[in-house]
Amino acid sequence: MRPYRGLELWLGLSILSVLNSSCCSTTFEDKLKEFEERISAQFNQLSEQIKSIKEQQIILREELSKNTGAYYASCRAVPSNSSNLHMIRSRGGITLPFIAYCNQRSSLGSGGWIVIHRRYNGQLDFERSWQEYKEGFGEPDEEHWLGLKKIHGITRSGEHELLVELRDFGGTGKYALAQPERIAELL
């Protein structure tokens, strides 16, 4: 099986489309030139996408090089009283280490909470595909959804509590705390 069969088929259909879509008075050379311009535009678009991916790789490598190697099993293991981003490596071993926002000041007065969902100004669109909810989206220190894979990796490694905090735009807040046995009932 040829690895580029789909591309060959697409190119062939594109050529036929160009040949059939033009008026009968255009020459073959004009049609070929139009096709070359389309291919060139698509090539330029792909080149820009590749450039963007390479720039993102550079940024990721720089961020990884700053990593001190400190991974925590949960936010409760973080030896700090300030809320911040930390690398979490769940004991479940399902996921690679990931960056999570650790809330060290909750409505309960206690810390050590991994923030799995944050939405406060509506700038991030939460109308997403199942795959995006599975993988997660947004920035951990801003509006985000951590991702079902990561949440599963965290919760399968032992008993956990779920703290839900809600605040209105005036700053009034409410919270609910679910114990491990109650979380199992919710699932």
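**Reading the strands, the pocket and the burial of a predicted chain**

Author: Of the 187 residues in the chain, 22% count as buried. The model is a predicted one, and its chain exposes about 13,900 Å², of which carbon and sulfur atoms supply 55%.

Reader: What makes up the secondary structure of the chain, and in which order do the elements run from the N terminus on?

Author: The secondary structure comes to five helices and eight strands. From the N terminus on, the elements run α-α-β-β-β-β-α-β-β-α-β-β-α.

Reader: Why is leucine 163 called buried or exposed, as the case may be?

Author: Leucine 163 has a relative accessibility of 16%, and the word buried applies under 20%, so leucine 163 counts as buried. This leucine lies in strand β7, and, leaving aside residues up to four places away in sequence, leucine 163 touches Ser106, Leu108, Trp113, Tyr175, Ala176 and Leu177. Between the C-alpha atoms of leucine 163 and alanine 178, which are 15 residues apart in sequence, the separation in space is 6.4 Å.

Reader: How do you know in which class aspartate 125 belongs, given its relative accessible area?

Author: The relative accessible area of aspartate 125 is 47%; buried would need a value under 20% and exposed a value over 50%, so aspartate 125 falls in between and is called partly exposed. Aspartate 125 is found in the loop between β4 and α3, the latter covering residues 130–135. The C-alpha atoms of aspartate 125 and phenylalanine 137, 12 residues apart along the chain, are separated by 9.7 Å.

Reader: Why is β2 described as enclosed or open with respect to the rest of the structure?

Author: Five of the six residues of β2 are buried, so β2 is largely enclosed by the rest of the structure.

Reader: How do you know that β2 pairs with β1 and with β3, and what is the order of the strands in that open sheet?

Author: A pairing needs at least two bridges. Five bridges join β1 to β2, and two join β2 to β3, so both pairs satisfy that requirement. The three strands form an open sheet in the order β1-β2-β3 with antiparallel pairing, and the edge strands are β1 (84–88) and β3, each of which pairs on one side only. Cysteine 102 in β2 is the bridge partner of asparagine 84, and cysteine 102 has isoleucine 114 as its bridge partner in β3.

Reader: What makes β4 and β5 edge strands?

Author: The open sheet to which they belong has the order β4-β6-β5, with antiparallel pairing. Each of β4 (117–118) and β5 (137–138) pairs on one side only, and these are the edge strands. Two bridges join β5 to β6, residues 144–145, and a pairing asks for at least two, so β5 and β6 count as paired. The bridge partner of phenylalanine 137 in β6 is tryptophan 145.

Reader: How do you know that β7 and β8 pair, and what do they form?

Author: Six bridges link β7 and β8, residues 173–178, in the antiparallel sense; at least two are required, so the two strands count as paired. They form a hairpin with five residues between them, and glycine 171 in the turn has a positive phi of about 95 degrees. Arginine 167 stands opposite glycine 173 in β8.

Reader: What is the volume of the largest pocket, and which residues are the closest to its centre?

Author: The largest pocket has a volume of about 1,400 Å³. It is lined by 41 residues, and the closest to its centre are Ile114, Val115, Ile116, Leu162 and Leu163. The elements that give two or more residues to the lining are β2 (98–103), β3 (113–114), β4, α4 (148–155), β7 (162–167) and α5 (180–186). With six residues, β7 gives the most to this lining.

Reader: What is the make-up of the lining of the largest pocket by class?

Author: The lining of the largest pocket has 20 nonpolar, 11 polar and 10 charged residues. As an example of how the classes are assigned, Leu counts as nonpolar, so Leu162 and Leu163, which are among the residues closest to the centre of the pocket, belong to the nonpolar class.

Reader: What share of contacts in the chain, between residues at least 6 apart in sequence, joins residues at least 24 apart?

Author: Among those contacts, 34% join residues at least 24 apart.

Key
Residues are numbered from 1 along each chain as its sequence is written. This is a predicted model: local features need pLDDT of at least 70, side-chain atom pairs count only at pLDDT 80 or more; totals for chains, interfaces and linings use all residues. Side-chain values use heavy atoms; hydrogens and water are left out. Helices (H or I, at least four residues) and strands (E, at least two) are DSSP runs, numbered from the N terminus. On a 1 Å grid over the protein atoms alone, a cavity is a set of points where a 1.4 Å probe fits but cannot get out, and a pocket is an open set with protein on both sides within 12 Å along at least five of seven lines; lining residues have an atom within 4 Å of a point. Grid points are joined across faces, edges and corners, and a volume is the space filled by probe spheres set on the points. Buried means under 20% relative accessible area, exposed over 50%, partly exposed in between (1.4 Å probe, protein chains only). Contact means heavy atoms within 4.5 Å. Accessible areas come from the Shrake-Rupley method with a 1.4 Å probe; for residues, only the protein chains shown count as cover.
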